[in-house]
Amino acid sequence: MTIGIMGMGYVGLPLAIAFAEEGHHVIALDTDARKVEALRRRESYVEDISSERLAAAGDRIEATTHAQPLARCDAVLICVPTPLTANREPDLGPLVSATRALAGVLQSGQLVVVESTTYPGTTRERVAPMLEESGLVAGHDFHVAFSPERVDPGRTDYTLRTTPKVVGGLTEACGDRAVELYELVCDEIVRVATPEAAELAKLLENIFRSVNIALVNEMAILADRMGIDIWEVVDAAATKPYGFMRFDPGPGMGGHCLPVDPFYLSWRAREFDMTAEFIELAGKVNQNMPYHCVARIERVLNDAAKPVRGSRIAMFGVSYKAGVGDLRESPALKIIEVLRGLGADIVYHDPHVPEVTELGLYNTGFDEALDGVDLAVIVTAHPSVDHEAIVARAPHALDLRGVTRRRASTAVQL
Ligand SMILES: NC(=O)c1ccc[n+]([C@@H]2O[C@H](COP(=O)([O-])OP(=O)(O)OC[C@H]3O[C@@H](n4cnc5c(N)ncnc54)[C@H](O)[C@@H]3O)[C@@H](O)[C@H]2O)c1
């Protein structure tokens with residue numbers, strides 16, 4: 001088969017590799033010419049995909065910035081970003097432009113699947129009508145479905161193949177076609193009756209995480225005021241063999257999904273005279289976490305009789321998540337911005353992030369970051385970094401991830 005993939009990012013590239021490794025031909029489309037060039041050089045820019053794997057896929061992945069080759073595909077998967085506008089409303093701009101480009105080359109008999117996370121109704125009310133501007137009829141001349149991506153960057157225990165794939169077609173036939181397609185690369189397909197059910201299932205998964213992270217973060221703030229060790233509390237609660245699922249406190253939510261996707265649903269809910277209160281509340285609590293972390297930093301410095309102004313603070317780990325270099329919505333950026341506003345001198349060490357362009361900061365070597373430092377803050381705990389050494393060498397350390405807590409550490413915990 002020939003599979004088209006629009007948007008070759010964290011979602012699109014692993015899908016392209018999966019289909020290519022099964023012997024299918026992939027048209028890999030991205031509007032970012034640098035990504036297309038990198039793919040042509042067989043250089044991966046996504047941590048979970050090695051350049052060797054990309055090279056092994058060889059000519060089966062054909063990278064392009066043009067929509068025309070999509071006309072040759074049996075199926076086209078749309079994996080473009082679905083961000084929020086400055087007013088935190090859904091920004092369907094990339095999805096609309098990808099769909100319009102596809103409509104221009106759409107062929108009878110093709111299957112189109114939306115993988116981008118979005119609100120219930122997008123596939124039926126926005127994507128299908130735009131594709132029909134081609135003159136072809138959805139569900140009749142071509143098939144349309146929604147199938148959410150569940151990739152978790154950095155995870156190795158579950159892969160695309162071993163993670164069940166939810167699929168909802170516009171019609172019965174659309175669902176059948178989409179199931180057949182994903183059976184090529186996934187062991188288990190979970191079929192739901194409509195695209196709306198599949199769209200909402202993805203949002204439920206992400207909102208579940210967002211709400212539970214907010215809950216444990218709120219507990220962490222309260223435990224801090226009460227003088228109780230939140231990590232000990234979470235460890236203890238997590239020994240319950242049923243009815244409890246562990247979530248760890250931290251500096252806030254990051255990445256492209258959790259800080260963004262829930263607001264697609266709360267926006268849509270307003271049309272149905274509903275205020276999605278859990279979503280809004282979780283967003284509020286999680287957005288406040290970087291400010292709570294700044295308050296903790298101020299307290300640690302205060303205990304050492306130092307003001308924030310003029311203090312040299314080394315941040316360890318600035319990406320949003322351990323083991324990956326993704327900076328999107330990373331709480332570290334907000335913490336740095338606020339501390340700089342207070343006059344702190346910030347350096348950072350993160351083996352996954354060579355520079356933070358928007359803050360004009362570059363990765364500092366591990367030793368150099370600790371040189372003359374007043375406070376070291378573990379913001380994101382990459383497995384390759386020696387956190388014990390940070391605590392041993394810095395005059396003061398604050399651990400926002402609880403990674404040093406077990407070893408009679410002198411670091412202050414979140
Ligand atoms: N990253 C994740 O862990 C994850 C997990 C599940 C779902 N998702 C969802 O999948 C979607 C994609 O996320 P991502 O993390 O892969 O984003 P990404 O930014 O890594 O990749 C998206 C790619 O789409 C390209 N693009 C933008 N507009 C385009 C257009 N009109 N035509 C073709 N390409 C275009 C961009 O240049 C970029 O390379 C989002 O809806 C996201 O919510 C992401």
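**View 1. The shell of residues around the ligand in the predicted model****.** In this predicted model, the ligand is surrounded by 26 residues. The closest of these are V11, D30, K35, T82 and T117. Among the helices, α4, which spans residues 93-103, gives the most to this shell, with 3 residues.

**View 2. Polar atoms of D30, S97 and V151 beside the ligand****.** Two side chains and one backbone are shown here with the ligand atoms that they approach. For D30, a polar side-chain atom lies 2.6 Å from an oxygen atom of the ligand. For S97, the polar side-chain atom is 3.2 Å from a ligand nitrogen atom. V151 takes part through its backbone: an N or O atom there lies 3.5 Å from an oxygen atom of the ligand. The ligand taken alone exposes 820 Å², of which the protein buries 91%.

**View 3. Helix α9 and the elements that cover it****.** Helix α9 runs over residues 261-270. Because 8 of its 10 residues are buried, the helix is largely enclosed by the rest of the structure. The buried residues are D261, P262, F263, Y264, L265, S266, R268 and A269. Their cover includes helix α5 (122-132), helix α7 and helix α10 (277-303).

**View 4. S266 and its surroundings****.** S266 is a residue of helix α9. S266 counts as buried because its relative accessibility is 2%, and the cut-off for a buried residue is under 20%. The side chain of S266 makes a polar contact with the side chain of E280, at 3.2 Å. Leaving aside residues up to four places away in sequence, S266 touches A276, I279 and E280. E280 therefore appears here both as a residue touched by S266 and as its polar partner, and S266 itself is buried at 2% relative accessibility.

**View 5. A nonpolar patch on the surface****.** Four residues, L222, M226, I228 and V233, form this patch. Together they have about 360 Å² of accessible area. M226 belongs to helix α7, which covers residues 195-226. With a relative accessible area of 53%, M226 is exposed, because the term applies to values over 50%. Helix α7 thus bears a residue of the surface patch, M226, and is also included in what covers the buried residues of α9.

Conventions: Residues are numbered from 1 along each chain as its sequence is written. This is a predicted model: local features need pLDDT of at least 70, side-chain atom pairs count only at pLDDT 80 or more; totals for chains, interfaces and linings use all residues. Side-chain values use heavy atoms; hydrogens and water are left out. Patches are made of residues with over 30% relative accessible area and no salt bridge: like charges are joined within 9 Å, nonpolar side chains (Val, Leu, Ile, Met, Phe, Trp, Tyr) within 5 Å. Accessible areas come from the Shrake-Rupley method with a 1.4 Å probe; for residues, only the protein chains shown count as cover. A salt bridge is a side-chain nitrogen of Lys or Arg within 4 Å of a carboxyl oxygen of Asp or Glu. Helices (H or I, at least four residues) and strands (E, at least two) are DSSP runs, numbered from the N terminus. Buried means under 20% relative accessible area, exposed over 50%, partly exposed in between (1.4 Å probe, protein chains only). Contact means heavy atoms within 4.5 Å. A residue is near a molecule or strand if one of its heavy atoms lies within 4 Å of it. A polar contact is a pair of N or O atoms within 3.5 Å; within protein, one must be able to donate a hydrogen and the other to accept it, and residues adjacent in sequence count only if both atoms are side-chain atoms.
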